[in-house]
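These are my notes from a session spent with one structure. I put down each thing I looked up, in the order in which I turned to it.

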There are 2 protein chains.
Amino acid sequence: MLGKKRISESTIHRLSLYYRALSVLEKDNYDTVSSKELARREKLTPAQVRKDLSFFGSFGTRGLGYPVKELKTQIAGILGIDRTWRVALVGIGNIGSALVSYKEFSRQGFQIVKLFDNDQRKIGSNHKGIVVSDIRNLQQELSDAKIEVVIVAVPATVAQYIVDDIVNAGIKAILNFAPVNLKVPDDVYIRHENMSMELEYLSFAMVNNHAQKRVRA
Amino acid sequence: MLGKKRISESTIHRLSLYYRALSVLEKDNYDTVSSKELARREKLTPAQVRKDLSFFGSFGTRGLGYPVKELKTQIAGILGIDRTWRVALVGIGNIGSALVSYKEFSRQGFQIVKLFDNDQRKIGSNHKGIVVSDIRNLQQELSDAKIEVVIVAVPATVAQYIVDDIVNAGIKAILNFAPVNLKVPDDVYIRHENMSMELEYLSFAMVNNHAQKRVRA
DNA sequence: ACGGCTATGTGAAAAGCTTCACAAAAGAAG
DNA sequence: CTTCTTTTGTGAAGCTTTTCACATAGCCGT
């Protein structure tokens, strides 16, 4: 709580869950919520909730719980979603097109304001009010549009080239949907969204008969 | 390696990464690969790779490395993707439409063979050769079509109702894209795909100035 | 105003996961 | 056939994360 402390990735991911739960609680007019209730809603333990929050401060009141509205604001501040981020999306294929309209992003302050593709049939077309730019102008337009985050939704085979360009344009945060690992310099944050992974986990769980708790060699 | 052992979620997720890397290596005609090279390709440590694989057997040859083709086959068996799974998709909105055409799923054996929606304008329409069914027939059609896995891509507000129906139809594996936690019985596997989470992680990393290593209270 | 009750915040213990480090195995070279 | 080199497989150590458990704080009812 005081001084400096390393925060784990899991804790940050759980903050996203708390934020989501608090949004629902706020809409349902709850004033306060206990760690127990928050835990129940996101399938965690009360101790985990309290420990996570304690890394960032003392937001609760003993005997009462946490103030819903205020805690939500605090978490938004911690996650950096108490502001808007200017986002570009590269690759207007299946996934890319879906993401342009994905309301969850804008709801959290991630505003997609630029689109890029290399397909002449797509360049110039309009998606949700945004005209698709030619990927050849990527670097120039990213910097002109003051983009802070780029989402990559291109085929795996070209993803590394695109990412190199993005990095050269000075972008420091990338979300990659291509199913491939990508190299970026140490000062660039990159995160991967691998949609097959969870299906594979389900498959593993099913094959390793009912429980996923044990496995035979 | 011998007997029974709990396998962590992280290990299973890394198996997905190894499988992906091995697919590339196979295509590039590599016969063998070392833990060092596999680790380099997926940004892990060699020890991690060896330990993960050792939970399931001894697949390598000392001094040489792992046989690419055979290891890939072994991992496919462990993950249960050495077969096809019959998958249904509920909710043909932005995300749902994208997933119908998402090739990575079919490549891993997840065949989407049924589509459902509640919108009269979508029911009866054809997506990649599959006619969208009325969600009111969900239970009957899931069982008639021998579906094993259901992907949920409906609005958060109705996701729990849909999932209840799916569970009642006897389905034991669910992949949920709705940004909400869902209750299922203990014998049903459910996994969540939360696409905002990684963006929020990026945001956190950026706000907590360059390093994400330290945070002030 | 005070006692009871509830739920936080947090050190400490426990559990879980990753890295280390090395013996052992196997191909390669001469 | 023997030595050298390489890289696996794996206990043990080290580190991280989660859970426990309880003192403490603060609301609520009387």
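How many salt bridges does the structure hold over all chains? I am working from a predicted model, and in it I count 28 salt bridges over all chains.

**Entry: a salt bridge inside chain A**

I began with a pair within one helix, where the side chains of A:Arg41 and A:Glu37 meet in a salt bridge, at 2.7 Å from N to O. I then checked the spacing along the chain: A:Arg41 and A:Glu37 are four residues apart in helix H2 (residues 35–42) of chain A, so about one helical turn separates them.

**Entry: DNA strand D**

Next I listed what surrounds DNA strand D, and I found 26 residues around this strand, with A:Arg14, A:Arg62, B:Ser35, B:Arg50 and B:Tyr66 coming nearest. Of the atoms of DNA strand D that come within 4 Å of the protein, sugar and phosphate account for 67%.

I looked at individual atom pairs after that. A polar side-chain atom of A:Arg14 is placed 2.9 Å from a phosphate oxygen of DNA strand D, whereas for A:Arg62 I noted a polar side-chain atom 2.5 Å from a base oxygen of DNA strand D. For B:Gly63 the atom concerned belongs to the backbone: a polar backbone atom of B:Gly63 is 3.0 Å from a sugar or linking oxygen of DNA strand D.

Which element gives the most to the surface near DNA strand D? I found that H3(A) does, with four residues. Helix H1 (9–27) and helix H3 (46–54) of chain A, and helix H3 (46–54) of chain B, each supply at least two residues of this surface. Sorting the surface near DNA strand D by class, I recorded six nonpolar, 13 polar and seven charged residues.

**Entry: DNA strand C**

I repeated the search for DNA strand C, which has 24 residues around it, and there A:Ser35, A:Arg50, A:Gly60, A:Gly63 and A:Tyr66 come nearest. Sugar or phosphate holds 65% of the atoms of DNA strand C within 4 Å of the protein, and bases hold the rest.

Among the atom pairs, I noted a polar side-chain atom of A:Arg50 at 2.8 Å from a base nitrogen of DNA strand C. A:Arg62, which I had already met at a base oxygen of DNA strand D, also has a polar side-chain atom 3.0 Å from a sugar or linking oxygen of DNA strand C. From chain B, a polar side-chain atom of B:Arg14 lies 2.9 Å from a phosphate oxygen of DNA strand C.

Turning to the helices, I saw that H3 of chain A and H3 of chain B each supply at least two residues of the surface near DNA strand C, and that H3(B) gives the most, with four residues. By class, this surface has five nonpolar, 12 polar and seven charged residues.

**Entry: chain B against chain A**

I then examined how the two protein chains meet, and the contact takes 73 residues from chain B and 74 residues from chain A. Between them the chains bury about 7,000 Å², and 62% of this area is on carbon and sulfur atoms.

How many salt bridges are there between chain B and chain A? I count two salt bridges between these chains, including one in which the side chains of B:Arg191 and A:Glu198 meet at 2.5 Å, N to O. I also count 18 residue pairs in polar contact between chain B and chain A. On the side of chain B that touches chain A, helix H9 (residues 195–207) of chain B supplies the largest share, 13 residues. The residues of that side divide into 38 nonpolar, 16 polar and 19 charged.

**Entry: the sheets**

My last search was for sheets. In chain B an open sheet of seven strands has the order E5-E6-E4-E3-E7-E8-E9, with mixed pairing. Strand E5 (126–127) and strand E9 (189–192) of chain B stand at its edges with a single partner strand each, so one side of each has no neighbour in the sheet. Strand E8 (residues 173–176) of chain B pairs with E9(B) in the parallel sense over four bridges, and B:Ile174 has B:Ile190 of E9(B) as its bridge partner.

For chain A, I recorded an open sheet of seven strands in the order E5-E6-E4-E3-E7-E8-E9, again with mixed pairing. I looked there at E5(A), which runs antiparallel to strand E6 (residues 130–134) of chain A and is joined to it by two bridges; the bridge partner of A:Asn126 in E6(A) is A:Val131.

Definitions and conventions. Residues numbered from 1 in each chain as written. Chains lettered and ligands numbered in written order. Predicted model: local features only at pLDDT ≥ 70, side-chain atom pairs only at ≥ 80, totals over all residues. Heavy atoms only, no water. Near = heavy atom within 4 Å. Polar contact = N/O pair within 3.5 Å; in protein donor to acceptor, adjacent residues only side chain to side chain. Nonpolar A, V, L, I, M, F, W, Y, C, P; charged D, E, K, R; others polar. Contact = heavy atoms within 4.5 Å. Buried area = accessible area lost by both parts, 1.4 Å probe. Salt bridge = Lys/Arg side-chain N within 4 Å of Asp/Glu carboxyl O. Pairing = 2+ DSSP bridges.
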